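Morning, everyone. Have a look at the structure on the screen while I talk you through it.

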Amino acid sequence: MVPVRVTEIGEDDRFIRQAIENIHQEKMSPLDMAMMLDKIRKKLLTSAAEVKKGHGGFRHGQPGIKELHKLLGMPESTISEYLALLGETGEIREALKDPGFSRTKVTLIKETPGKYRGRLRHLIATQKSIPRDTITHLVTALRRAERYG
């Protein structure tokens, strides 16, 4: 015989356990992952004021990010990057629905000089197979061209 312990858990705990399982399977799209992390973050925070305080650009140390790190064992920087994806719109948001799309490509947009960002967004969203290294080199070249003319 194997001893079994049956326990009842609440809906929030059940959701968090299911979310953790899904995260570890790594089969979700970047946008689904971001939405799930945000939902867990909101459940972990105790007040609406804490949730509201955390909106905007997500950075280390903002409400809920440390708690997610402790719960999931995921680096705070990764959590912040995923949560920042929630602010994306249009073509990029559509691209983020694809489980094979790399979220790290989107973070490179912020490093690009402002006048090139729109075109880079379009390129990343429409040419999903471009390797991240290629985009990194492109961003470096654009920054250099902006700096040195």
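I'll start with the overall fold, then go through two helices, the pocket and a few single residues.

First thing to keep in mind: this is a predicted model. Okay, the fold. The chain has nine helices and zero strands, so if you read along the sequence you just get α-α-α-α-α-α-α-α-α. There are 149 residues, and 37% of them count as buried. On the outside, the chain exposes about 9500 Å², with carbon and sulfur atoms supplying 50% of that. And how much of the contact network joins residues at least 24 apart? If you take contacts between residues at least 6 apart in sequence, it's 55%.

Now let's zoom in on helix α4, which covers residues 65-72. Which of its residues are buried? That would be I65, L68 and L72. They cover an arc of only 60° around the axis, so they sit on the same side of α4. And what do they pack against? The buried residues of α4 pack against α1, residues 11-25, α2, residues 30-44, and α5, residues 76-84. Just after α4 you hit G73, and G73 takes a positive phi of about 75°.

That brings us to α5. Here the buried residues are T78, I79, S80, Y82 and L83. They pack against α2, α4 and α7, with α7 being residues 103-109. So α4 and α5 turn up in each other's packing lists, if you want to click on that pair.

Hang on to Y82 for a second. It's buried in α5, and it's also one of the residues lining the largest pocket. That pocket holds about 210 Å³ of space. Along with Y82, the lining is made up of I23, E26, K27, M28, S29, P30, M33, M74, P99, F101 and R103. What's the mix by class? Eight nonpolar, one polar and three charged residues.

Okay, on to some single residues, starting at the front of the chain. I9 is in the segment before α1. Is I9 buried or partly exposed? Partly exposed, because its relative accessible area is 26%, and the cut-off for buried is under 20%. Leaving out residues up to four places away in sequence, I9 touches R14 and R17.

Compare that with L142, over in helix α9, residues 132-148. L142 has a relative accessible area of 16%, so it counts as buried. Which residues does L142 touch, again not counting those up to four places away in sequence? T112, P113 and Y116. Take Y116: along the chain, L142 and Y116 are 26 residues apart, yet their C-alpha atoms are separated by 7.8 Å.

Last one is P131, in the loop between α8, which is residues 114-126, and α9. P131 is partly exposed, with a relative accessible area of 46%. What's the partner to look for here? S102: P131 and S102 are 29 residues apart in sequence, and C-alpha to C-alpha they're 9.1 Å apart in space.

That's my tour, so over to you for questions.

Technical notes:
Residues are numbered from 1 along each chain as its sequence is written. This is a predicted model: local features need pLDDT of at least 70, side-chain atom pairs count only at pLDDT 80 or more; totals for chains, interfaces and linings use all residues. Side-chain values use heavy atoms; hydrogens and water are left out. On a 1 Å grid over the protein atoms alone, a cavity is a set of points where a 1.4 Å probe fits but cannot get out, and a pocket is an open set with protein on both sides within 12 Å along at least five of seven lines; lining residues have an atom within 4 Å of a point. Grid points are joined across faces, edges and corners, and a volume is the space filled by probe spheres set on the points. Ala, Val, Leu, Ile, Met, Phe, Trp, Tyr, Cys and Pro count as nonpolar, Asp, Glu, Lys and Arg as charged, and the others, Gly among them, as polar. Buried means under 20% relative accessible area, exposed over 50%, partly exposed in between (1.4 Å probe, protein chains only). Helices (H or I, at least four residues) and strands (E, at least two) are DSSP runs, numbered from the N terminus. The arc is that of the directions from the helix axis to the C-beta atoms. Contact means heavy atoms within 4.5 Å. Accessible areas come from the Shrake-Rupley method with a 1.4 Å probe; for residues, only the protein chains shown count as cover.
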